[in-house]
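Welcome! Please take a moment with the sequence and the 3D structure below before reading on.

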Amino acid sequence: MNDSTQEILKKCSNLLQDIKSKNPLIHHITNYVTINDCANVVIAIGGSPVMAMDKNEVEDIVRQADSLVINIGTLQESNIDSMIIAGKKANELKIPVVLDPVGIGATAFRYHTVQKLLTEIKFSVIKGNMSEIKKLYGLKVKTKGVDSDTDQMNGGVIAKNLANQLGTVVAITGKEDCISDGQDLYTILNGETMLTSITGTGCMTTSIIGTFLGLSNESVYAAIAGTMLMGIAGEKAHQLLRENEGSGSYKAKLMDCINLFNKDTYIKEGRLYVEKGSQSV
Ligand SMILES: Nc1ncnc2c1ncn2[C@@H]1O[C@H](COP(=O)(O)OP(=O)(O)O)[C@@H](O)[C@H]1O
Ligand SMILES: Cc1ncsc1CCOP(=O)(O)O
Ligand SMILES: [Mg+2]
């Protein structure tokens, strides 16, 4: 691990402490499958969630918020205007916005909505699984609902190129997580296959990134800190599983590990690989 890796882990650690002391408010326009889990992870790391979707109130809510999470998991026509109103207001007020394009490859409706969101809103971070980011990048993908493509090949190149194209930070989750601001590439080796045995770990990762964004003006560190937190917590939760305990117990332990994640955890457990811009990926 080189110095710059250590510095980044320290930065993640400091950001987490800031969340705990400042309690940022995170506005979500999100899906009804994982909404409660997303609210709980935000609280577990020290933030304060508010879920508000109606177009009559999103502008008032986002004004009070430190960041905005837009997640299209159960996209409905009525929420598209809300997303655009909230996103534009957030941009105007310089409140960071993160997008999770859940299941973008599953329907034309989701795909065209994301294209519209991209023309109307400037996102600080776009976080998706491999299928979602490949679709956004214009590749042909095998789509099965909101599930991810297990082929993780070229994740680094895709993250970097897409981040460049869209002028944002791109975070791809999977066996390895690839994060890029278009210049540097950060690969997170933390993670645990059991994270895929419960729904919502991707959405929760996005909400955690959103919480970090509420305090950091460097989006790439918010994306690293948020993504790595889920990977490490996933590993720790797995270590705590006893015989005869399955995905239900894993979910409860995951929430505990997210809540008990402390300032030293990044430094002790973080497995991060950094490739600076001049190095080709
Ligand atoms: N094969 C895997 N091995 C280890 N960790 C994984 C694996 N697949 C996904 N993860 C982790 O699970 C979490 C959710 O990622 P992912 O499954 O890609 O998102 P989504 O739930 O949106 O499909 C992330 O923390 C990611 O690092
Ligand atoms: C199952 C499902 N269906 C629509 S949204 C959703 C949750 C997706 O959560 P994640 O992207 O974290 O797996
Ligand atoms: Mg997802």
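This report goes from the overall fold to the ligand surroundings and then to some single residues.

This is a predicted model, in which local features need pLDDT of at least 70, side-chain atom pairs count only at pLDDT 80 or more, and totals for chains, interfaces and linings use all residues. Residues are numbered from 1 along each chain as its sequence is written, while chains are lettered from A and ligands numbered from 1 in the order in which they are written.

## The overall fold

The protein has eleven helices and nine strands; these are DSSP runs, numbered from the N terminus, with helices being H or I of at least four residues and strands E of at least two. Its radius of gyration, 17 Å, is close to the 19 Å that the globule rule gives for 281 residues, so the protein is as compact as a globular protein of that length. (The radius is taken over C-alpha atoms, and the rule is 2.2 Å times the number of residues to the power 0.38.) Along the principal axes, the C-alpha atoms fill a box of roughly 45 × 40 × 40 Å.

Of the 281 residues, 53% are buried. A residue is buried if 20 or more other C-beta atoms lie within 10 Å of its own, exposed if 12 or fewer, and partly exposed in between, with C-beta atoms placed from the backbone.

## Around the two ligands

Ligand 1 is surrounded by 17 residues, and the closest are Asn129, Thr173, Gly191, Leu195 and Gly202. Here a residue is near a molecule if its C-beta atom, placed from the backbone, lies within 6 Å of it. This shell divides into two nonpolar, twelve polar and three charged residues. Around ligand 2, the shell includes Asn31, Thr74, Gly200 and Cys203, and by class it has four nonpolar, eight polar and no charged residues. In these classes, Ala, Val, Leu, Ile, Met, Phe, Trp, Tyr, Cys and Pro count as nonpolar, Asp, Glu, Lys and Arg as charged, and the others, Gly among them, as polar.

Helices α8 (201-213) and α9 (219-240) each supply at least two residues of the shell around ligand 1. α8 is largely enclosed by the rest of the structure, because 13 of its 13 residues are buried.

## Annotated residues

An unreviewed UniProt entry gives the annotation "binding site" to Met51 and Gly200, and also to Lys127 and Thr173. Lys127 and Thr173 are spread over 47 residues of sequence, yet they cluster in space, with a largest C-alpha distance of 7.6 Å. UniProt positions are given in the numbering used here, feature names are shortened, and annotations may be inferred rather than shown by experiment.

| Residue | Location | C-beta atoms within 10 Å |
|---|---|---|
| Met51 | strand β2 (residues 48-51) | 17, partly exposed |
| Lys127 | strand β5 (residues 125-129) | 32, buried |
| Thr173 | strand β6 (residues 169-173) | 29, buried |
| Gly200 | loop between β8 (185-188) and α8 | 20, buried |

Which residues does threonine 173 touch, not counting residues up to four places away in sequence? They are Lys127, Asn129, Gly202, Thr205 and Thr227, where contact means that the C-beta atoms, placed from the backbone, lie within 7 Å. With the same exclusion, glycine 200 is in contact with Val33, Thr34 and Asp37.

Note on methods. Contact = placed C-beta atoms within 7 Å.
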